[in-house]
Amino acid sequence: MKEVMIEARKLRKSFPVQHKFWSKADKFVQAVDDITFSINKGKILGLVGESGSGKTTCGKLLVRLLEATSGNIFIDGQDIAHLKKRELKRFRKTVQMIFQDPYESLNPRMTVMDTIIEPLVIQQIGDSISRKEKVSQVLEVVELTPPQEFMFRFPHELSGGQRQRVSIARALVIEPKFIVADEPVSMLDASIRVGVMNLLLKLRDKFDLTYLFITHDLAVARYMCDELAVLYSGKLMEKGPTEMVIKNPQHPYTKSLLSAVPIPDPMSKRKRLEIKGGITTPINPGPECRFATRCPQVEDICKRQMPELKNLGEEHFVACYRR
Ligand SMILES: Nc1ncnc2c1ncn2[C@@H]1O[C@H](COP(=O)(O)OP(=O)(O)O)[C@@H](O)[C@H]1O
Ligand SMILES: [Mg+2]
C-alpha cells in the first residue's frame with residue numbers, strides 16, 4: 001500500500017526584494033509559487049531545475065528552516081507549515097537537511113564527535129554515554145570505519161567524500177523519517193560521487209527513509225530518484241515517475257533541460273532544443289506562464305494565464321496547454 005509521507009499543498013514563499021530602508025517593500029520574489037505535490041513513504045522525489053528555480057527554498061520550507069508565506073505541509077497527517085516553538089522543536093526531531101558543501105555546513109573547529117553529538121544534545125536525547133555510543137554506531141552506518149579513527153578528526157583532516165559522510169551521519173543520528181538532500185554530491189569528484197549516492201540509497205532501504213533529493217544534474221537524478229519534479233522560476237512544470245519523465249518529457253521546459261545535457265542512456269538520441277535567454281527571476285510575476293518568454297511553442301493563451309498541473313495518467317503531471 002502506498003502511504004503518503006509528506007504532502008505540500010499550495011505552498012508559497014516570497015522574499016522582499018532589497019529596497020531602500022525608508023520605503024516599504026513593494027517588490028517580491030515568488031521563489032516558490034503555489035506548489036502542490038506529495039512523496040510516498042520510502043520514496044525519493046528528485047527536485048530538478050536550473051539555478052534560481054526555487055529548489056533550495058522549497059527544501060527549506062519542508063524541514064521548516066524557512067516558514068512558508070502560505071500553504072500547508074502535511075507530515076503524517078500533521079500540518080507543520082506554521083508550527084511554533086515547542087511543536088516546532090518536536091517536529092525537528094523527525095526531519096533533517098543535508099547541504100551541498102560539507103565544508104561550509106560543518107564547523108571547522110568541531111571534531112567529528114562533537115559535530116554528530118550536537119543534534120542529540122539540542123534535542124536532549126540520551127545521556128553522555130549513550131550519545132557517544134550512538135556516534136560510534138552512526139559512523140559505522142556511513143562507512144567511516146573504524147569509528148575511533150574518525151571521531152577526533154576535524155573537517156580539514158577529512159576528504160570531501162568523508163566530510164559529506166559526516167554531514168550524513170549528523171543528519172541520521174536523531175533518526176529522522178524524512179531528509180531533504182540539497183545537491184549532496186555536486187561538490188564531490190565524479191570518482192567518489194557514486195559511493196555517496198549508493199550510501200544514500202542504502203540508508204533509504206535500511207531505515208525506510210523518504211527523501212526530497214535536490215539536484216540540477218539529471219544523470220544524478222536518474223540514478224537516485226523514483227520520481228522527478230521539474231521546477232522553473234518557482235513553478236512546478238512537470239512531475240512523474242523518473243523514467244517516464246526522462247524518456248517521454250511533456251513540458252517544453254523539461255524537453256529543453258534534457259536536450260541540454262547528455263543523460264547516460266546510449267539508446268536515446270535527442271534533437272537539441274535551443275532555448276534562448278536565462279531563467280527569469282519571478283519578481284512580482286504576472287499571470288502568464290513563467291516559461292512563455294522562452295518557450296519555442298508559445299501560444300496566445302500562454303501569455304494570459306499559467307496552466308494548471310494536469311494529470312496525464314499514471315501519475316504523470318504537466319502544466320502546459322499543449323498537452
Ligand atoms: N533569503 C532570500 N532572500 C531573497 N531572495 C531569495 C532568498 N533565498 C532565495 N531567494 C531567491 O529566490 C529564488 C530561488 O532561489 P533558490 O531557492 O536558492 O533556487 P535554487 O536552489 O533552485 O537555485 C532566487 O531568485 C533567489 O535569488
Ligand atoms: Mg539551491
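**Stop 1: helix 7 and helix 8**

Select Gly-160, Gly-161, Gln-164, Arg-165, Ile-168 and Leu-172 in helix 7, which meet Ile-192, Gly-195, Val-196, Leu-199 and Leu-203 in helix 8. By class, this contact has six nonpolar, four polar and one charged residues. The model on display is a predicted one.

Extend the selection to the whole of helix 8, residues 190-207; helix 7 and helix 8 pack at an angle of about 15°, with their axes 10 Å apart. An angle under 35 degrees counts as roughly parallel, and helix 7 is therefore roughly parallel to helix 8. The crossing of the two helices is right-handed.

**Stop 2: helix 7 and helix 4**

Keep helix 7 (residues 160-172) and add helix 4 (residues 112-122). Their axes are 7 Å apart, at an angle of about 30°. Helix 4 and helix 7 are therefore roughly parallel to each other. Helix 4 passes helix 7 in a right-handed crossing.

To display the contact, select Val-112, Thr-115, Ile-116 and Pro-119 in helix 4, together with Val-166, Ala-169 and Arg-170 in helix 7. Five nonpolar residues, one polar and one charged make up the contact of helix 4 with helix 7.

**Stop 3: helix 4 and helix 5**

Now hide helix 7 and select helix 5, residues 128-141. The axes of helix 4 and helix 5 come within 10 Å and cross at roughly 120°. Here too, helix 4 makes a right-handed crossing, in this case as it passes helix 5.

On the helix 4 side, the contact is made by Met-113, Ile-116, Ile-117 and Leu-120. On the helix 5 side, the residues to select are Arg-131, Lys-134, Val-135 and Val-138. This contact divides into six nonpolar, no polar and two charged residues. Ile-116 of helix 4 appears in the contact with helix 7 and also in the contact with helix 5.

**Stop 4: a cis peptide bond**

Move to the loop between helix 5 and helix 6 (148-151), where Pro-146 lies. Select Thr-145 with Pro-146: a cis peptide bond joins them, with omega about -5°.

**Stop 5: the sheet of four strands**

Select strand 1 (residues 4-16) and strand 2 (residues 28-40), which pair in the antiparallel sense over 10 bridges. One pair to display is Lys-13 with its bridge partner in strand 2, Val-32.

Next add strand 4, residues 70-75, which pairs with strand 1 in the antiparallel sense over five bridges. Glu-7 stands opposite Phe-74 of strand 4. Two bridges then join strand 4 to strand 5, and these strands run antiparallel. At this junction, select Ile-75 and its bridge partner in strand 5, Gln-78.

The result is an open sheet of four strands in the order 2-1-4-5, with antiparallel pairing. Strand 2 and strand 5 (78-79) stand at the edges, each with a single partner strand, so one side of each is left without a neighbour in the sheet.

Before leaving strand 2, select Asp-34, which lies in this strand. Asp-34 has a positive phi of about 60°, although it is not a glycine.

**Stop 6: ligand 1**

Which residues are found around ligand 1? Select Phe-15, Val-29, Ala-31, Gly-49, Ser-51, Gly-52, Ser-53, Gly-54, Lys-55, Thr-56, Thr-57 and Thr-281. Strand 2 and helix 1 (55-62) are the elements that give two or more residues to this shell. The largest share, three residues, comes from helix 1. Coloured by class, the shell around ligand 1 shows three nonpolar, eight polar and one charged residues.

**Stop 7: the sheet of eight strands**

Finally, turn to the open sheet of eight strands, which has the order 6-7-8-3-9-10-12-11 and mixed pairing. Select strand 6 (95-98) and strand 11 (310-311), which stand at the edges. Each has a single partner strand, so one side of each is left without a neighbour in the sheet.

Within this sheet, select strand 9 (residues 227-232) and strand 10 (residues 235-241). These two strands pair in the antiparallel sense over six bridges. The last pair to display is Glu-227 and, opposite it in strand 10, Pro-241.

Definitions and conventions. Residues numbered from 1 in each chain as written. Chains lettered and ligands numbered in written order. Predicted model: local features only at pLDDT ≥ 70, side-chain atom pairs only at ≥ 80, totals over all residues. Pairing = 2+ DSSP bridges. Axes fitted to C-alpha atoms, helices over the stretch in contact; angles between N-to-C directions. Parallel < 35°, antiparallel > 145°, perpendicular 65-115°, else oblique. Left-handed = near helix turned anticlockwise from the far one by under 90°. Contact = placed C-beta atoms within 7 Å. Nonpolar A, V, L, I, M, F, W, Y, C, P; charged D, E, K, R; others polar. Near = placed C-beta within 6 Å.
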